[in-house]
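Subject: A structure for you to look at

Hello,

I am passing a structure on to you, with some notes on what turned up in it. Have a look at it first, and then read on.

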Amino acid sequence: MIEGLNTLNAIPQVKKLLIGKPASTEKRDVVDNSFHVSELMYFDSVKDQDDYQVHPVHKAFVDKYSQLWERVVVYDMIVEATV
């Protein structure tokens, strides 16, 4: 899966791609570590994210790796502040 996620970095609209696994931090009620792999992508605009969705590299990733997941959770957001 991680190998496949790394291929998404070739899509020009992806400005930054971070891939990781759950950290072995202290168990707390507010921490969700029920996932196996996580990715965080940065785009310059909603249009770039839309273009990413139909990009051939993204479609190839979905075709090749979709049998590896039962469920996908996506949190789309617009950055309101940076620190």
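To begin with, what percentage of the 83 residues in the protein do buried residues make up? Buried residues come to 18% of the 83. Please keep in mind while reading that this is a predicted model.

**The overall picture**

The protein has 3 helices and 2 strands. Starting at the N terminus, the order of these elements is α-β-β-α-α. The C-alpha trace spans about 40 × 35 × 20 Å along its principal axes. The protein exposes about 7000 Å² of surface, and 52% of that is supplied by carbon and sulfur atoms. As for how the chain meets itself, take the contacts between residues at least 6 apart in sequence: 58% of them join residues at least 24 apart.

**The loop before β1**

A good place to start is Val14, which sits in the loop between α1 (2-7) and β1 (16-20). Val14 is buried, its relative accessible area being 7%. What does Val14 touch, if residues up to four places away in sequence are not counted? The list is Leu8, Asn9, Met41, Tyr42, Phe43 and Tyr52. Of these, Tyr42 belongs to strand β2, which covers residues 38-42. Val14 also has a C-alpha atom 7.8 Å from that of Asp48, although 34 residues separate the two along the chain.

**Asp48 and Gln49 in helix α2**

Asp48 is part of helix α2, residues 46-54. Is Asp48 buried or exposed? Asp48 is buried, and yet it has no salt bridge. Lys15 is the nearest side chain of opposite charge, and it is 4.9 Å away. A salt bridge needs the nitrogen and the carboxyl oxygen to be within 4 Å. Apart from neighbours within four places in sequence, Asp48 is in contact with Gln13, Lys15 and Phe43.

Next along the chain comes Gln49, also in helix α2. Gln49 has 17% relative accessibility, so it counts as buried. Once neighbours within four places in sequence are left aside, Gln49 is in contact with Phe43 and Asp76.

**Salt bridges**

How many salt bridges are there? The count comes to 2. One of them joins the side chains of Asp44 and Lys15, with 3.9 Å from N to O. Asp44 lies in the loop between β2 and α2, while Lys15 lies in the loop between α1 and β1, so this pair ties together parts that are 29 residues apart in sequence. Asp44 is exposed, with a relative accessible area of 61%, whereas Lys15, at 46% relative accessibility, counts as partly exposed.

A salt bridge also links Asp51 to Lys47, and here the closest N and O atoms are 2.7 Å apart. Both residues are in helix α2, with their positions 4 residues apart, or about one turn of the helix. Asp51 counts as partly exposed at 24% relative accessibility, and Lys47 counts as exposed at 53%.

**A nonpolar patch on the surface**

Which residues form a nonpolar patch on the surface? They are Leu18, Leu40 and Tyr42, and together they have about 250 Å² of accessible area. You met Tyr42 above as one of the residues that Val14 touches. Why does Tyr42 count as partly exposed? Its relative accessibility is 36%, and partly exposed covers the range between under 20% (buried) and over 50% (exposed).

**Aromatic rings and the end of the chain**

The count of aromatic pairs comes to 3. Ring pairs link Phe61, Tyr65 and Trp69 into a cluster. Gln67 lies in the segment after α3 (56-65). At 56% relative accessibility, Gln67 counts as exposed. How far apart are the C-alpha atoms of Gln67 and Leu40? They are separated by 21 Å, with the two residues 27 apart along the chain.

If you would like one place to look at first in the viewer, try Asp48, which is buried without a salt bridge, and then turn to Lys15, which meets Asp44 in a salt bridge.

Best wishes

How values were computed:
Residues are numbered from 1 along each chain as its sequence is written. This is a predicted model: local features need pLDDT of at least 70, side-chain atom pairs count only at pLDDT 80 or more; totals for chains, interfaces and linings use all residues. Side-chain values use heavy atoms; hydrogens and water are left out. Patches are made of residues with over 30% relative accessible area and no salt bridge: like charges are joined within 9 Å, nonpolar side chains (Val, Leu, Ile, Met, Phe, Trp, Tyr) within 5 Å. Accessible areas come from the Shrake-Rupley method with a 1.4 Å probe; for residues, only the protein chains shown count as cover. Buried means under 20% relative accessible area, exposed over 50%, partly exposed in between (1.4 Å probe, protein chains only). Lys and Arg count as positive and Asp and Glu as negative; His and the chain ends are not counted. Contact means heavy atoms within 4.5 Å. Rings of Phe, Tyr and Trp (its six-membered ring) pair if their centres lie within 6.5 Å; planes under 30 degrees apart count as stacked, over 60 as edge-to-face and the rest as tilted.
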